[in-house]
Amino acid sequence: MESIAQIKKKLEETSLKDLFYTIDQYKTDERKGVQKLLLQYEKKWNSYQKELERISQMWMFERQHPDCTAICGIDEAGRGPLAGPVVAAAVILPSNCDLFYVNDSKQLSAKKRELLFEEIQKKAVSVGVGIVSAERIDEINILQATYEAMRMAVSNLCITPDLLLNDAVTIPQIPIHQIPIIKGDAKSISIAAASIIAKVTRDRMMLDYHELFPEYDFASNKGYGSAAHIQSLKQLGPCPIHRRTFIKNFCEI
């Protein structure tokens, strides 16, 4: 008879996909230690099944267009901050892509976003990023700057998509069929993947800016208007990456 330690090792080494069958092998083992282990791994299995169901729903919009061979999700990060760029990402995923735990980037921890960022980069057919500076935002306004970043992201893909799934917007000056989806980053896996790429890319840039301008604590606030950030702005005035059109109420420019 296998020891409990051996059974635990076997369960640990079994993939989530095959976990049910491994659990089933030990259902008749009446030892309390084994039953406790099985209960623990059954919870893991049930969580995996829920994630499979959720991810299947996230593919709903992509599945509605079987004739499209390159469906691209688009999202942005950084429309609201007082400082830093707006960043857009465009992501084309293969139709058979196994990609779990992808969600609206705001619903994920920083650690989870970083892990998914790397996985998306590895598994995607193509990833494009567009970055528009604070200076350009002041010049053309944040909405037009967001559209510009999105057009740049699409142009930086290695292939031309035949359908764009966008988070809530229709991008001007792009001759590709577009479908805006309200709260798309929580409904479409392609848009959710783009939201993660955009968010992580921008957050990394703000960490770099923190090294240049530590007094504004960009590592912590990422350029958003936290109380401490606004206080620094009032005391010190703006730095080169502040959006002048966003900070008029806080300091003289």
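Here is a short tour of a helix pair, a serine in a loop and a few salt bridges.

This is a predicted model, in which local features need pLDDT of at least 70, side-chain atom pairs count only at pLDDT 80 or more, and totals for chains, interfaces and linings use all residues. Residues are numbered from 1 along each chain as its sequence is written, and side-chain values use heavy atoms, leaving out hydrogens and water.

**Stop 1: two helices.** Select 110-123 (helix 5) and 189-212 (helix 8), whose axes come within 9 Å and cross at roughly 115°. Axes here are lines fitted to C-alpha atoms over the stretch in contact, with angles from 0 to 180 degrees between N-to-C directions. Helices are DSSP runs of H or I with at least four residues, and strands are E runs of at least two, numbered from the N terminus. Show side chains: F117 and I120 are among the helix 5 residues meeting helix 8, where I196 and V200 are among the partners (contact means heavy atoms within 4.5 Å).

**Stop 2: S188.** Now pick S188, in the loop between strand 5 (178-181) and helix 8. Its relative accessibility is 0%, so S188 counts as buried (under 20% is buried, over 50% exposed, partly exposed in between, with a 1.4 Å probe and protein chains only). S188 touches residues including M58, F61 and L165.

**Stop 3: salt bridges.** The whole structure has 13 of them, each a side-chain nitrogen of Lys or Arg within 4 Å of a carboxyl oxygen of Asp or Glu. Try D104 and K106, 3.2 Å apart at their closest N and O atoms. D104 is buried at 6%, whereas K106 is exposed at 62%. Add D185 to see the network of salt bridges linking D104, K106 and D185.

Key
Lists of a residue's contacts leave out its neighbours within four places in sequence.
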